[in-house]
Amino acid sequence: MKRDTKTSTSFAVFRLIHLPLLGPMYLEAEERGLLSFASSAPESGEKEQDTAAQKEDLKKICAILDQAEAELVQYLEGRRTVFTVPLAPVGTAFQHKVWDELLHIPYGSTMTYGEVAQKLGGLHLARAVGHAASCNRLPVFIPCHRLTGKGGLLGGFSMYCQDIGGTELKKRLLAMEQMTLKQTAAEQEEALLSD
């Protein structure tokens, strides 16, 4: 993930999409990649159809939005475990470190705030890890739902998704991922047995 902590000088475009499990959500992108995924419209940026920007820039941004939407649908249908859409999150250097760690949590697995904190320098950073996760403007793409408290307790979810289920949504996403893994393993075992 690119570690640019400043916003880009290019313009941003957002699109309203409707997803199974999540309902209406907004994707926001610029030419470098996806900026946000949230349940409310971004404060900055232009609606896709309202943009009067240069055609080539808009084409590139729309391609990113198309890819993000397609990958989300595939993920929610259990057909995708890793996102490849370019991401361009804006945050502090520490937030980027946390988000990079979250990107390494395998599909269907979890890590605790403390485990991520240890990787970044010590258990004393656990609260800061939690704060960075709550500031994640790209939930699901940067899988903060895979982050739990000690003993597997589910903490909050990105503040950008609180009004669509918060912790309950986090629970559903984890359950969906674990069910997909079980189905895939069962299908692979069945294929081996039929050979």
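The following paragraphs describe the fold, the nonpolar core, the helix packing and the salt bridges of a predicted model.

Because the model is predicted, local features were taken only at pLDDT of at least 70 and side-chain atom pairs only at pLDDT 80 or more, whereas totals for chains, interfaces and linings use all residues. Residues are numbered from 1 along each chain as its sequence is written, and side-chain values rest on heavy atoms, with hydrogens and water left out.

The secondary structure of the protein comprises 5 helices and 6 strands, where helices (H or I, at least four residues) and strands (E, at least two) are DSSP runs numbered from the N terminus. Along the sequence these elements follow the pattern β-β-β-β-α-α-β-α-α-β-α. Of the 195 residues, 46% count as buried, a term that here denotes under 20% relative accessible area, with exposed set at over 50% and partly exposed in between (1.4 Å probe, protein chains only). Where contacts (heavy atoms within 4.5 Å) are counted between residues at least 6 apart in sequence, 63% join residues at least 24 apart. A single pair of positions distant in sequence may be given as well: Pro20, in the loop between β1 and β2, lies 7.7 Å from Val73, C-alpha to C-alpha, with the two positions 53 residues apart in sequence. Pro20 is partly exposed, at 44% relative accessibility.

In soluble globular proteins, nonpolar side chains tend to be buried together. The largest nonpolar core of the model holds 44 residues, of which Leu27, Leu34, Phe37, Leu72, Leu102 and Phe141 touch the most other members; such a core is a set of buried Ala, Val, Leu, Ile, Met, Phe, Trp, Tyr and Cys residues joined through side-chain atoms within 4.5 Å. At least two core residues are supplied by each of the strands β1 (13-19), β2 (23-30) and β3 (33-38) and by each of the helices α1 (55-76), α2 (93-102), α3 (113-120), α4 (126-134) and α5 (166-194). Helix α1 gives the most to this core, with 9 residues.

Helix α2 is mostly covered, 7 of its 10 residues being buried, namely Gln95, His96, Val98, Trp99, Asp100, Glu101 and Leu102. The elements that cover these buried residues include α3, α4 and β6 (147-148). Helices α2 and α4 pack at an angle of about 85°, with their axes 9 Å apart, the axes being lines fitted to C-alpha atoms over the stretch in contact and the angles running from 0 to 180 degrees between N-to-C directions. The two helices are therefore roughly perpendicular, on a scale in which angles under 35 degrees count as roughly parallel, over 145 as roughly antiparallel, 65 to 115 as roughly perpendicular and the rest as oblique. Phe94, Gln95, Val98, Trp99 and Leu102 of α2 make the contact with Ala128, Val129, Ala132 and Ala133 of α4. By class, this contact has 8 nonpolar, 1 polar and no charged residues, where Ala, Val, Leu, Ile, Met, Phe, Trp, Tyr, Cys and Pro count as nonpolar, Asp, Glu, Lys and Arg as charged, and the others, Gly among them, as polar.

Helices α3 and α4 pack at an angle of about 105°, with their axes 8 Å apart, and are therefore also roughly perpendicular to each other. Here Tyr113, Gly114, Val116, Ala117 and Leu120 in α3 meet Ala126, Val129 and Gly130 in α4, which by class gives 6 nonpolar, 2 polar and no charged residues.

Side chains of opposite charge can pair when their charged atoms come close. With a salt bridge taken as a side-chain nitrogen of Lys or Arg within 4 Å of a carboxyl oxygen of Asp or Glu, the count comes to 9. One of them joins Asp66 and Arg15 at 2.8 Å, N to O, and links distant parts of the chain, since Asp66 lies in helix α1 and Arg15 in strand β1, 51 residues apart. Of these two partners, Asp66 is partly exposed at 41% relative accessibility, whereas Arg15 is buried at 11%. Arg15 and Asp66 are further linked with Glu69 in a network of salt bridges. Another salt bridge pairs Arg80 with Glu71, the closest N and O atoms being 4.0 Å apart; Arg80 is buried at 19% relative accessibility, and Glu71 is buried at 3%. A salt bridge within helix α5 connects Lys171 and Glu168, with 3.7 Å from N to O and a spacing of 3 residues, about one turn of the helix. Both side chains belong to partly exposed residues, with relative accessible areas of 45% for Lys171 and 41% for Glu168.
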